[in-house]
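Welcome! Let us take a walk through this structure together, one feature at a time.

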Amino acid sequence: MTNDFGFGKRKLDISDFKPRDETQLSNVPHDTGDEAAQRAGFVSREAVQRVERVRKSKEPIDQAFIRAPISVINRFKIHCNETGMSYGEALDDLMRKAGV
């Protein structure tokens with residue numbers, strides 16, 4: 001194994017090397033790389049920021065796992081989608097209508 005890092009015995013002439021002028025770099029938009037990556041089909045792997053819930057409930061919140069036939073679950077979800085209610089709101093509304 002050689003220690004020439006793939007350059008062979010030929011030496012690089014870097015006597016003309018100069019750092020770029022900062023004014024040249026400031027003209028390049030910062031998101032050019034991101035746009036090029038999106039055009040090439042790359043998807044960002046940055047973590048999605050989770051937004052905290054702002055609404056405060058009057059009561060403590062709990063959860064229940066409901067095991068039911070899929071047709072019942074689908075009807076419930078369709079009801080929620082059509083009314084725009086959350087599952088909790090729809091459950092409360094249906095129980096109120098049933099007199100429970």
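Asp92 and Arg96 are joined by a salt bridge, and their closest N and O atoms lie 2.4 Å apart. This is a predicted model, so please read each value here as computed from predicted atoms. Side chains of opposite charge can pair when their charged atoms come close. Both Asp92 and Arg96 sit in helix α4, with 4 residues from one to the other, about one turn of the helix. How open to the surroundings are the two partners? Asp92 has a relative accessible area of 40%, so Asp92 is partly exposed. Arg96 reaches 53% relative accessibility and therefore counts as exposed.

Helix α4 holds another such pair. Here the side chains of Lys97 and Asp93 meet in a salt bridge, at 3.2 Å from N to O. Lys97 and Asp93 also both belong to helix α4 and are 4 residues apart, about one turn of the helix. Is Asp93 buried or exposed? Asp93 is buried, because its relative accessible area is 17%, and buried means under 20%. Lys97, on the other hand, is exposed, with a relative accessible area of 63%. The salt bridge count for the model comes to 2.

Stay in helix α4 a little longer, which runs over residues 87-97 and is also the place of Leu91. Leu91 has 39% relative accessibility, so Leu91 counts as partly exposed. How far is Leu91 from Cys80 in sequence and in space? Leu91 and Cys80 are separated by 11 residues along the sequence, and by 9.3 Å in space from C-alpha to C-alpha.

Now step back to α3, the helix that spans residues 70-83. With 14 residues at 1.5 Å a residue, α3 should span 20 Å, and its end C-alpha atoms are indeed 20 Å apart, so the two values agree. Just after α3 comes Gly84, which takes a positive phi of about 80°.

Moving back along the chain, we come to the loop between α2 (32-39) and α3 (70-83), and Glu46 lies in it. Glu46 counts as exposed because its relative accessibility is 66%. Which residues form a negative surface patch with Glu46? Asp31, Asp34 and Glu35 are its partners there.

A patch of another kind awaits in the early part of the chain. Leu12, Ile14 and Phe17 make a nonpolar surface patch of about 380 Å². Phe17 lies in the segment before α1, a helix of residues 22-26. With a relative accessible area of 64%, Phe17 is exposed.

Finally, let us look at the whole chain. How many helices and strands does the chain have? There are 4 helices and 0 strands, and reading along the sequence gives the pattern α-α-α-α. Of the 100 residues in the chain, 3% are buried. The chain exposes about 11,000 Å², and carbon and sulfur atoms supply 54% of that area.

Terms used:
Residues numbered from 1 in each chain as written. Predicted model: local features only at pLDDT ≥ 70, side-chain atom pairs only at ≥ 80, totals over all residues. Heavy atoms only, no water. Patch = residues over 30% accessible without salt bridge, like charges linked within 9 Å, V, L, I, M, F, W, Y side chains within 5 Å. Areas by Shrake-Rupley, 256 points an atom, 1.4 Å probe, with all protein chains shown as cover. Salt bridge = Lys/Arg side-chain N within 4 Å of Asp/Glu carboxyl O. Lys, Arg positive; Asp, Glu negative; His and termini not counted. Charge placed at Lys NZ, Arg CZ, Asp CG, Glu CD. Helix = DSSP H or I, 4+ residues; strand = E, 2+ residues; numbered from the N terminus. Buried < 20%, exposed > 50% of the residue type's maximum accessible area, 1.4 Å probe, protein only. Expected span 1.5 Å × (residues − 1).
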